[in-house]
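Let's take a friendly walk around one residue and its helix. Have the sequence and the 3D view ready as you read.

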Amino acid sequence: MELEQLRESMKMVLKETRYQHVLGVEEVSIDLAVIHGCDQRKAAIAGILHDCAKYFTDEELLSECTKYKLPVTDGERKSVYLLHAKVGAACARDKYGIEDDDILNAITYHTTGRPGMSLLEKIVFTADYIEPNRKPLPRIEEIRKAAYDHLDFAVYLILENTLEYLNNVGTFIDTRTNETYAYYKNIVCELDAEGKAKEF
């Protein structure tokens, strides 16, 4: 499918505010792809489709997991909405003809992230958080600046913000989010020769 066809498809299945979010993620994903040397078309496709399963009900998400033989963790059963990412990747392949594994992984991990993400995965994960239609979030300008200067640091800040918010509201935290945070914290807080934390 051409990009415009994908946009029109999303316009049909998403509410207007979510559709504007998707367009924002597409735009920022392309910008970050240009800056960090990633394939711009792949970034656009992943940005457009990342929330294609956002409005599935819990029952529909679980049913789609059964249909596509997708594993469901105990954590995902507690917070079923998390499944919209992996179900979205399955729909991107089945309904929209996307076969590129990097694009599909970017959709799969755009919510929780994962340790050792590819460049495209980090771009979509970050764009989803910083796109201009998002309501104001703590440290958002700092994170936006980091996204263009040092992507790994932006990922770390996003995860730090997310975990702080989830802890404050006392909601479930997916194991993968904690693992991803630990991984990127290691990257951005390396020890220099004097044993002091080096941050970007």
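Start with a polar contact: in this predicted model, the side chain of Thr 126 has a polar atom 2.8 Å from the backbone oxygen of Lys 122. Thr 126 belongs to helix H8, which covers residues 119–130.

Is Thr 126 buried or exposed? Its relative accessible area is 0%, and buried means under 20%, so Thr 126 counts as buried.

Which residues surround it? Setting aside neighbours within four places in sequence, Thr 126 touches Leu 32, Ala 147, Leu 151, Ala 154, Val 155 and Ile 158. You can also look at Arg 144, which is 18 residues away from Thr 126 along the chain, with 8.7 Å between their C-alpha atoms.

Here are the two distances from Thr 126 side by side.

| Partner | What is compared | Distance |
|---|---|---|
| Lys 122 | backbone oxygen to a polar side-chain atom of Thr 126 | 2.8 Å |
| Arg 144 | C-alpha atom to the C-alpha atom of Thr 126 | 8.7 Å |

Now step back to the helices. H8 and helix H10 (residues 151–169) have axes that come within 10 Å and cross at roughly 50°. Because of that angle, H8 is oblique to H10. The crossing of H8 past H10 is left-handed.

Where do the helices meet? On the H8 side, the residues are Leu 119, Lys 122, Ile 123, Phe 125, Thr 126 and Tyr 129. Their partners in H10 include Leu 151, Ala 154, Val 155 and Ile 158. Sorted by class, this contact between H8 and H10 has 9 nonpolar, 3 polar and 2 charged residues.

How values were computed: Residues are numbered from 1 along each chain as its sequence is written. This is a predicted model: local features need pLDDT of at least 70, side-chain atom pairs count only at pLDDT 80 or more; totals for chains, interfaces and linings use all residues. Side-chain values use heavy atoms; hydrogens and water are left out. Helices (H or I, at least four residues) and strands (E, at least two) are DSSP runs, numbered from the N terminus. Buried means under 20% relative accessible area, exposed over 50%, partly exposed in between (1.4 Å probe, protein chains only). Contact means heavy atoms within 4.5 Å. A polar contact is a pair of N or O atoms within 3.5 Å; within protein, one must be able to donate a hydrogen and the other to accept it, and residues adjacent in sequence count only if both atoms are side-chain atoms. Axes are lines fitted to C-alpha atoms, for helices over the stretch in contact, and angles run from 0 to 180 degrees between N-to-C directions. Angles under 35 degrees count as roughly parallel, over 145 as roughly antiparallel, 65 to 115 as roughly perpendicular and the rest as oblique. A crossing is left-handed if the near helix is turned anticlockwise from the far one by less than a right angle, and right-handed if clockwise. Ala, Val, Leu, Ile, Met, Phe, Trp, Tyr, Cys and Pro count as nonpolar, Asp, Glu, Lys and Arg as charged, and the others, Gly among them, as polar.
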